[in-house]
There are 2 protein chains.
Amino acid sequence: MAGAEIERLIQLLARLPGLGPRSARRAALHLLNKRDALLQPLALALRDVADKVQTCARCGNLDSHNPCAICSDTRRDDALLCVVESVADLWALERSGVFRGRYHVLGGTLSALDGRGPADLNVDGLLARVGDGSRVREVIIATNATVEGQTTAHYLTDRLLPAGVSVTRLAHGVPVGGELDYLDDGTLGAALKARRPF
Amino acid sequence: MAGAEIERLIQLLARLPGLGPRSARRAALHLLNKRDALLQPLALALRDVADKVQTCARCGNLDSHNPCAICSDTRRDDALLCVVESVADLWALERSGVFRGRYHVLGGTLSALDGRGPADLNVDGLLARVGDGSRVREVIIATNATVEGQTTAHYLTDRLLPAGVSVTRLAHGVPVGGELDYLDDGTLGAALKARRPF
């Protein structure tokens, strides 16, 4: 029905997370209806990103500069290093705007099931960054609160403590705005155990 | 946080139907994680579509050929002309595979509220196609079953009947696989009124 070029575009769009075959078709038509305002700019933006964006050799963030803008920012605190699983997690923390230290992207978690060991993650890079002569005082392990994330956190703690840095992790508890009735037992238990004076 | 190039890509992706700011960010990361398999091909496909796909001068379909593949297909029946609001509707009918005539894309509906009159739709093109010496015997008006779609259908019928063609429209009724309990009264009423012998 539609030309081969359009079908190819629909197929590729359908592989984006959040778009299925049907919404990909809608998206392709939307792009064709907005050639100058959306199709051309999107093609350019993709080419730009493909040409310029690279993985920061220091922290693993994605940026058009290497080292990335966060690693190059002299106003950030070298003493604090936050370890995250993925670039998405790094961006989430940055959006919150509460952390002014540096990051380290692991690139995943340990997983016996999927056969991912320490060699598959950027663990050596992390140990090198907190090694002798480094200014890192505290490593905040911000892996996800999943079984694999927590396993990875324990493994990293064991590797980091001999380096003489203090190792911390994010607090568990009730999400801000969360209702107790909708929380799982694990979160409620953790929140109760970690209760603090008013 | 992310480079300007990535932010620009996220902003453009977020303007696609079905993607919001959050899923656009996920899509951008997905693209960056699959540079060779997805990012580069998508950039190429968009460029290809932008360069090659055009609106068929005869029917209004989008295709890399002009006239489009449907208008050029000699096995199709010139006597049947199906009028649709949009290219999306044309594609939907083509996917069903039940229609072997030609199409005509109006490019919208009449709408007093939005100030769209006959001059904003491809009505003159339609009348020219069913005019003297044309092989069109029947025009099937397949506008949507909305108020605006039906208004447009009535308007087109008034304009087409003097040309001596027969004008038909899609049947209303229970969708195949549909449950009566979930249907609105209008559809049920139409289905009952148009009941047919077993």
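In the predicted model, strand β4 of chain A, residues 102-105, sends its side chains to two sides: Arg102(A) and His104(A) point one way, Tyr103(A) and Val105(A) the other. Each of these four residues is buried. Strand β4(A) is paired with strand β3 of chain A, residues 80-84, through four bridges, and the two strands run parallel. Within this pairing, Val105(A) of β4(A) has Val84(A) opposite. Helix α5 of chain A, spanning residues 87-96, combines with β3(A) and β4(A) to give a β-α-β unit, which is right-handed.

At the level of domains, chain A is divided into two parts, with domain 1 covering 4-52 and domain 2 covering 76-169. A distance of 35 Å separates the C-alpha centres of domain 1 of chain A and domain 2 of chain A.

Cysteines were examined next. Across all chains, the search of the whole structure returned zero disulfides. Cys59(B) takes part in no disulfide, and the nearest cysteine sulfur, belonging to Cys71(B), is 3.6 Å away. A disulfide is counted where two cysteine sulfur atoms lie within 2.5 Å, so the 3.6 Å between the sulfurs of Cys59(B) and Cys71(B) does not qualify. For Cys68(B), the closest cysteine sulfur is that of Cys59(B), at 3.7 Å, which is too far for a bond. Cys59(B) has a relative accessibility of 1% and therefore counts as buried. Cys68(B), with a relative accessibility of 0%, likewise counts as buried.

Notes
Residues numbered from 1 in each chain as written. Chains lettered and ligands numbered in written order. Predicted model: local features only at pLDDT ≥ 70, side-chain atom pairs only at ≥ 80, totals over all residues. Heavy atoms only, no water. Buried < 20%, exposed > 50% of the residue type's maximum accessible area, 1.4 Å probe, protein only. Pairing = 2+ DSSP bridges. Right-handed = clockwise from strand over helix to strand, strands pointing away. Domains from an automatic or database assignment.
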